[in-house]
Amino acid sequence: RFHHTSTSHLCSCSKTVSDEKYQDPFQLGRKDLKNLYEDIKKELLVSAAEFKEMCDYYFDGKGKAFRPMIVVLMARACNIHHNNSKEVQASQRSVAIIAEMIHTASLVHDDVIDDANSRRGKRTLNQIWGERKAVLAGDFILSAASVALARIGNTAIISVLTQVIEDLVRGEFLQLGSKENENERFAHYLEKTFKKTASLIANSCKAVSILGCPDPKVHEIAYQYGKNVGIAFQLIDDVLDFTSCAERLGKPTAADLKLGLATGPVLFACQQFPEMNAMIMRRFSKPGDVERAWKYVLQSDGVQQTTYLAQRYCHAATREIRKLRPSPERDALIHLTEMVLLRDK
């Protein structure tokens, strides 16, 4: 239903909350994320030196820890909402650690599937150690995350976070397929986006809300916030594949087209340039397809439409989180929706 939305409304939504002064989410979450990567490495303690080297390479502490930061802010916001408790429980912080481990394992596996050679501005595990060892490293990180999850000892949390792993696999299968029916394509794309990106954020937020507050309404608020922010994050990621330079992104641009993937900007552009349909169906496999599709996207309003759709999801996330009692953490989560829209890498 977003396909023919006029982009003339774009400017009216671009400033989500900028008139209000909120704390920087990364500053606010920093205390709870101190030693995050050291704690992850403790979960990955192994005798095999090569495994340790591979894990240390990925958990180098240079990532922004975007997902753990959302998780600890949501934990505090829910705790304050419930009983004005300002502390993050140890089990809630464990969820943040587990979320980052699951996310990283999925990146390692994605890079193998995509035969990617760079990630976060450096060479991928599969480029350095080979595909087989990279797959095993991803499996190992997942297994360590599962052990940490079992240690929390809460069956509801185990159920919520194992759903993430199932969604990641199903999302990857969705990405391997394509829809001939144009009307089904966008639904397929959004479902894939939810499963591959948003499910982790949504279910991690839900998990910490369950640990901090018994009210099912709060669990739903946390889940919906994470879901909407997660989808918006990926939509902007898909926009940046067309608008940002490779150095800034830390990975090659037009990467999705080269993998044969039709993301939001492509699907919107296809409405203006129906000749792209054939290219989408053959997954941009013919010589010149990637270059032609790239030009069509930039000539169309595909980038603006996708950005506008991301704004709609961020507004939905903001609407949800405002239902919680005011707190610096709640307000930082509101501010985060604007940061997601305005990021350039």
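In the class counts given below, Asp, Glu, Lys and Arg count as charged, while Tyr is among the residues that count as nonpolar.

**Figure 1. Cavities in the predicted model.** The structure shown is a predicted model. A search of the whole structure finds 2 cavities of 30 Å³ or more. The largest cavity holds about 210 Å³ of space, and the second largest holds about 30 Å³.

**Figure 2. Close-up of the largest cavity and its central residues.** This cavity contains about 210 Å³ of space. Its lining is made up of 16 residues, of which Gly-177, Ser-178, His-188, Leu-261 and Ala-262 are the closest to the centre. By class, the lining comprises 6 nonpolar, 6 polar and 4 charged residues.

**Figure 3. Helices at the lining of the largest cavity.** Two helices, H9 (155-176) and H10 (182-212), each contribute at least two residues to this lining. Helix H10 gives the most, with 4 residues.

**Figure 4. Close-up of the second largest cavity.** The space in this cavity amounts to about 30 Å³. Tyr-57, Tyr-58, Arg-119, Arg-120, Lys-122, Arg-123 and Thr-124 form the lining. Helix H4 (49-58) and strand S2 (122-123) are the elements that supply two or more of these lining residues.

**Figure 5. Residue classes around the second largest cavity.** The lining contains 4 charged residues, 2 nonpolar residues and 1 polar residue. Arg-119, Arg-120, Lys-122 and Arg-123 belong to this lining, and Arg and Lys count as charged. Tyr-57 and Tyr-58 also line the cavity, and Tyr counts as nonpolar.

Terms used: Residues are numbered from 1 along each chain as its sequence is written. This is a predicted model: local features need pLDDT of at least 70, side-chain atom pairs count only at pLDDT 80 or more; totals for chains, interfaces and linings use all residues. Side-chain values use heavy atoms; hydrogens and water are left out. On a 1 Å grid over the protein atoms alone, a cavity is a set of points where a 1.4 Å probe fits but cannot get out, and a pocket is an open set with protein on both sides within 12 Å along at least five of seven lines; lining residues have an atom within 4 Å of a point. Grid points are joined across faces, edges and corners, and a volume is the space filled by probe spheres set on the points.
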